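Visitor: Please bring up the model. I would like to ask how its labels are earned.

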Number of protein chains: 4
Amino acid sequence: MKTKDFAKLALKYKAIFFDAYGVLKNYKGLIPGIERTFNFLIENNIDYYILTNDASRSPEQLADRYVSRGINAITPDRIISSGMLAREYLQYKVKHGTVAYLGTEDSAHYIETAGLKTISIDKLDLNDLDHISALVFLDDEGFDWKHDVNKVINLLRIKNLSVIVANTDISYPVNKIEIAIAIGGISDMIEEIVGKKFIRFGKPDAQMFMFAYDQILAKGPIRKDEILMVGDTLYSDIMGGNKFGMDTALVLTGNTLPHEAELKIVSSGIIPTYICDSVVIS
Amino acid sequence: MKTKDFAKLALKYKAIFFDAYGVLKNYKGLIPGIERTFNFLIENNIDYYILTNDASRSPEQLADRYVSRGINAITPDRIISSGMLAREYLQYKVKHGTVAYLGTEDSAHYIETAGLKTISIDKLDLNDLDHISALVFLDDEGFDWKHDVNKVINLLRIKNLSVIVANTDISYPVNKIEIAIAIGGISDMIEEIVGKKFIRFGKPDAQMFMFAYDQILAKGPIRKDEILMVGDTLYSDIMGGNKFGMDTALVLTGNTLPHEAELKIVSSGIIPTYICDSVVIS
Amino acid sequence: MKTKDFAKLALKYKAIFFDAYGVLKNYKGLIPGIERTFNFLIENNIDYYILTNDASRSPEQLADRYVSRGINAITPDRIISSGMLAREYLQYKVKHGTVAYLGTEDSAHYIETAGLKTISIDKLDLNDLDHISALVFLDDEGFDWKHDVNKVINLLRIKNLSVIVANTDISYPVNKIEIAIAIGGISDMIEEIVGKKFIRFGKPDAQMFMFAYDQILAKGPIRKDEILMVGDTLYSDIMGGNKFGMDTALVLTGNTLPHEAELKIVSSGIIPTYICDSVVIS
Amino acid sequence: MKTKDFAKLALKYKAIFFDAYGVLKNYKGLIPGIERTFNFLIENNIDYYILTNDASRSPEQLADRYVSRGINAITPDRIISSGMLAREYLQYKVKHGTVAYLGTEDSAHYIETAGLKTISIDKLDLNDLDHISALVFLDDEGFDWKHDVNKVINLLRIKNLSVIVANTDISYPVNKIEIAIAIGGISDMIEEIVGKKFIRFGKPDAQMFMFAYDQILAKGPIRKDEILMVGDTLYSDIMGGNKFGMDTALVLTGNTLPHEAELKIVSSGIIPTYICDSVVIS
């Protein structure tokens, strides 16, 4: 399996979309040397966005984590999160009432900045649901799993609500070996038990790529095949990017290990345009 | 939809298998008059067994709950639980080592009466797994969902273990309106996330009916179509009974309400031989 | 269940997206009086598009069927089909080589108008696959199911190809009672057997709505909530429209019958903004 | 990965259950030397049965194929097929009427030897269904896929019938590289489209193992862990055997290739008690 040099590849595109975890950072923090990648893009006038399945915090908070570690190039306007799509959905579709949520107060606060009222499942009174207009799954933190997951199931049996899952991932890495269940995994279980259809935001869904594409189009004309999507996960990053019509590059610094990349590509049928060892420029 | 009188129907069979919840009892306790049903069966020399998806306690403890409420006819030898199948599996297949479990101490104690050592997931050391020989899901109670479910996922990433789910149900009723997630629902989520195949015990699987049939065969010859399976749930009780070759009767005192029975039968394609209002004999 | 008058509703929106089958036409042909609906929209300066899961023919051919029956308002530029998305994908992603297909010659011809070479599965030589660059499922007609479906499975075992499904529907109505398996249903079976991931185009996927939205945006600014999506199917039309951020109207002239609408909405959790008896204006 | 010598292993058991395809034979015919295995078993007084997911012909016809190639040890009474379970089910559950089927006349003939009337889907009149009492999927041969699969779907929309799938396999090998869709794969597609629950017979389901175990028990007492299940497929043979409480041996002459055995065991979590290169005795 021959890998491509990322710098040479990048020069062929007008813009690059990056997945965050496994590409720019991992469980130890930023991938060393990643600042050189963004310097290179800026020098060469290549536009860039970060596309991340994350609804646990606002773009401002997500950007802060990069800036505080010395990557000033990643400003809030460069970040497209699945939480932003969920927030936009709620703005368009929930005209009044209160949105019930599973997640942290922080994740709910971001929804509130769109002018929506929120209430945690914990504080919800199942006998007083008239004002509840939607349910949103934001984060796997911030609630008692047993109590609140069972409460959500009964909420959905009592009242027919639109349900939004603000992160499609079913798990996320916590260190080199261990993973944790993400809110997408919990919502899959609940959907199966209540037998209803939930609305999901996040890669590989096209809406995520469209959101980023619309930002970049606003600056001037650009074709989809002038953008490269870079990610470490075949299903969410590469399949999503391919389907949207972009070229795609799989990097081997995260979820897909070098020795298993070829096997995973063959067994999944998800074929990246290129494979790169890393996005770090030497 | 015409329903059959249960007493008349029962007289046509040599033996009757009953589901427990929704047939003999509900969230309020025993269904009133249920003692007359068992008196009738005994008077008419009709054999009977209770088949229940439950691994939370031993047959003795399950029987106690009937006897303490005045149904002396339901003795431990009349009860076939999915926990018994899981216990038998572990006896046959786990020759040495310790069985890790999710559930209450009570549920684990029943496994231990088969001569097996057990350890709760909570007490397990992920750095010392040499002696762990299997993992069993017993009950939705007795553990911290967030901490222990995530720990189970990482256990299965570190060590390749046979996994046994001792109850196929994904939820159970807690009162007239509300339900709770059963251990079967939690294990489905974990199976999806780790991408492995778990071994499941409980209706509608044939092994449950076979276990009961073997008990009854030991007393003398009986054909499968001389037994009636009675249950309130189309998928587990009726489909399971049909597939095993028995006649089946759907009762309307539990999971399948009178006004929705016909629609559910048509939309599922699961067709009971008979429908009865209740097993209570007037 | 109270239904809304479609004419009054339409006046609240700048544009309307229509599903075709079950809304504008059914197994008997055009729904009588449908021409008045389009006259009304034109008179009131309300823009409109037809969004249809169909890859069996070109927009020109699809429009012809309306025009030949007297609906001159439905011109090719008003039609957004899942086949158009598949064609666009292939243009962006397949730079050279030949696209293998399951479907009619007609359906393949539309792909060829994008400058792509195609070959039917029937004519493919499994020993000479070097020039094959993608596989696309276009139509359930035009091939021998047994021979060609088995050949497709072996093609995907021999060569790792991107697979595109140009219509997500699993079935379609052929008369008042009967349905037929659509190419989406066949591709689901093949995907399960080969264990790979296919790329699907069609409602409820966001890309379909985005394609239409981009057309309308090109004429001037319009917000998503100034558009009404009208359809007869909860999953593809209403859930898709909701997720994209539009208001939605379920009509009762097709897949969702008047007496079952409320039950289907409650059991699926897919909630239309409005329900209308029909889009025909009296 | 260390493999065990099959002869030494066999001596530890009172009986051995064999899968057929990939263990005793492959696309080229019988595995060379397989006659020595059966001579060895007979000499050492080890009982044996063949458990095969096949409903295309009777046990007599299945045995003939071995006997005609010189393996006289495999007589009809040694063969347990999923078709036998389906036939037994129909005998118990279909008291009158006609069974509609998809498959060859040969496969239907075997059902008829149980005293049942059958009619092929092709010959069925959808306007005259009163006498039709069940539907059974027997074989992927013997019918026009497009016409008859669509007819089956409409049959199930018009009349609520018990549906039996007499072979759970979704595909089968036709030569070293190619596979073909089995009737189990076709029935999965139909089940998805009609949204009903079908009754399935075949490994890994317990009923298949129970049927063989009952035969062997009739000759004298034997515990489940005194039987070895041998197969080439982790899901159907090994998981099924494990769940039933037997020891299991994976052989590397069929579906699981030597270089992928360990990876498949780890990724599936299905753990055979032993691995053998082959059942052929040198």
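Guide: Start with burial in this predicted model. Tyr89(A) and Phe201(A) are both buried.

Visitor: What makes Tyr89(A) and Phe201(A) a tilted pair?

Guide: Two values. A pair of aromatic rings is described by the distance of the centres and the angle of the planes. Here the centres are 5.8 Å apart, and the cut-off for a pair is 6.5 Å. The planes meet at 50°. Stacked requires under 30 degrees and edge-to-face over 60. An angle of 50° fits neither, so the pair is tilted.

Visitor: Why can one say that this pair ties parts of chain A together?

Guide: Tyr89(A) belongs to helix α4 (residues 82–93), while Phe201(A) is in the loop between β12 (199–200) and α8 (206–217). These parts are 112 residues apart in sequence, so the ring pair ties them together.

Visitor: What about Phe18(D) and Phe38(D): how do you know what to call their pair?

Guide: The test is the one for ring pairs. Their centres lie 5.4 Å apart, with 50° between the planes, and the pair is tilted. Phe18(D) sits in strand β1 (residues 15–18) and Phe38(D) in helix α2 (residues 34–43). The parts are 20 residues apart in sequence, so this pair ties them together as well. Both Phe18(D) and Phe38(D) are buried.

Visitor: How many aromatic pairs are there over all chains?

Guide: The count comes to 32. In chain A, one aromatic cluster is formed by Phe6(A), Phe18(A), Phe38(A) and Tyr48(A).

Visitor: What sits over the ring of Tyr48(A)?

Guide: The charged end of Arg78(A), 4.2 Å from the ring centre. Arg78(A) also lies over the face of Tyr49(A), at 5.7 Å from the ring centre. The distance limit is 6 Å.

Visitor: Why is strand β6 of chain B called largely enclosed?

Guide: Count its residues. β6(B) covers residues 98–102, and 5 of the 5 are buried, so the rest of the structure largely encloses this strand.

Visitor: How do you know that both faces of β6(B) are covered?

Guide: In a regular strand the side chains alternate between the two faces of the sheet. On one side of β6(B) are Thr98(B), Ala100(B) and Leu102(B); on the other are Val99(B) and Tyr101(B). All of them are buried.

Visitor: What makes β6(B) and β7(B) a pair of strands?

Guide: Bridges. Pairing needs at least two. β6(B) and β7(B) (residues 117–120) have 4 and run parallel, so they pass. Ala100(B) has Ile119(B) as its bridge partner in β7(B). With helix α5 (residues 105–112), these strands make a right-handed β-α-β unit. β6(B) is also joined by 5 bridges to β8(B) (residues 132–137), again in parallel. Tyr101(B) stands opposite Val136(B) there.

Visitor: Why does Ser133(B) count as partly exposed?

Guide: Its relative accessibility is 27%. Buried means under 20% and exposed over 50%. A value of 27% falls in between, so Ser133(B) is partly exposed. Ser133(B) is found in strand β8. Its contacts beyond four places in sequence are Val94(B), His96(B), Gly97(B), Thr98(B) and Leu161(B). Ser133(B) and Val94(B) are 39 residues apart in sequence, but 6.8 Å apart in space, C-alpha to C-alpha.

Visitor: What makes β5 and β15 of chain C edge strands?

Guide: The setting is an open sheet of 6 strands in the order β5-β4-β1-β13-β14-β15, with parallel pairing. β5 (79–81) and β15 (274–276) each pair on one side only. From one strand to the next, the twist averages 25°. β15(C) pairs with β14(C) (residues 247–251) over 3 bridges in the parallel sense. Leu250(C) has Ile275(C) as its bridge partner.

Visitor: What is unusual to look for in the backbone?

Guide: The bond from Lys203(A) to Pro204(A) is cis, with omega near 10°. A cis peptide bond also joins Lys203(D) and Pro204(D). Then there is Asn45(A), not a glycine, with a positive phi of about 65°.

Visitor: Why is Asn45(A) called exposed?

Guide: The line for exposed is over 50%. Asn45(A) has a relative accessible area of 71%, so Asn45(A) is exposed. Asn45(A) lies in the loop between α2 (34–43) and β4 (47–52).

Note on methods
Residues numbered from 1 in each chain as written. Chains lettered and ligands numbered in written order. Predicted model: local features only at pLDDT ≥ 70, side-chain atom pairs only at ≥ 80, totals over all residues. Heavy atoms only, no water. Phe/Tyr/Trp six-rings, centres within 6.5 Å; stacked < 30°, edge-to-face > 60°. Helix = DSSP H or I, 4+ residues; strand = E, 2+ residues; numbered from the N terminus. Buried < 20%, exposed > 50% of the residue type's maximum accessible area, 1.4 Å probe, protein only. Lys NZ or Arg CZ within 6 Å of the ring centre and 35° of its normal. Right-handed = clockwise from strand over helix to strand, strands pointing away. Axes fitted to C-alpha atoms, helices over the stretch in contact; angles between N-to-C directions. Contact = heavy atoms within 4.5 Å.
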